[in-house]
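Here is a short briefing on empty space in a protein model. Rolling a probe the size of a water molecule over the atoms shows where empty space is left.

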Amino acid sequence: MNYAHWGSRVGAALIDGLVVLPFSILAFIFNGSGVDAETGQVDGPGPLYYVFLLLGLLVSAYNRWYLAGKTGQSWGKKALGISLIDEASGQPIGMGKAFVREIAHFVDSIICYIGYLFPLWDAKKQTIADKIMKTVVVSA
């Protein structure tokens, strides 16, 4: 198997993050937190904050869980020509397993993000989450 290089994986993750960035920026803009000049009370986020937050979550879920699970490629992975597949079957992993893999990335981050660097020296170029979920990222 032709495992994807770490740089391709990082690039795909950056593209996937950029897809959600406009929604995050708009949520920040419409956060509305401030101090009411008349009452001195702190205002909470307005409804548009929650709308853009939800839209960002939905776009990210569609891209990273549905598309990556069904086709093996999020928009970022597709742009860089790499795919996420099951290590044993060589097939896309499905939406449920893609979701659980995202949760498993918590393990990559709790050890000072070292888990994300594992592909630099691992024979199969896997993160710890990939090892837990038995997945690999390959050149498409």
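Which element gives the largest share of the lining of the largest cavity? H4 does, with three residues. This is a predicted model: local features need pLDDT of at least 70, side-chain atom pairs count only at pLDDT 80 or more, and totals for chains, interfaces and linings use all residues. Residues are numbered from 1 along each chain as its sequence is written, and side-chain values use heavy atoms, without hydrogens and water.

**Cavity**
- The count comes to one cavity of 30 Å³ or more (a set of points on a 1 Å grid over the protein atoms alone where a 1.4 Å probe fits but cannot get out).
- The largest cavity has a volume of about 50 Å³ (the space filled by probe spheres set on the points, which are joined across faces, edges and corners).
- Asp-16, Arg-64, Ala-68, Ser-74, Lys-77, Leu-84, Ala-98, Arg-101 and Glu-102 line the largest cavity (an atom within 4 Å of a point).
- Helix H2 (47-71) and H4 each give two or more residues to this lining (helices are DSSP runs of H or I, at least four residues, numbered from the N terminus).
- Its lining has three nonpolar (Ala, Val, Leu, Ile, Met, Phe, Trp, Tyr, Cys, Pro), five charged (Asp, Glu, Lys, Arg) and one polar residue (the others, Gly among them).

**Pocket**
- The largest pocket (an open set with protein on both sides within 12 Å along at least five of seven lines) has a volume of about 390 Å³.
- Of its 17 lining residues, Arg-9, Ala-13, Arg-64, His-105 and Tyr-116 are the closest to the centre.
- Helix H1 (6-29) gives the most to this lining, seven residues.
- The lining of the largest pocket has nine nonpolar, six charged and two polar residues.
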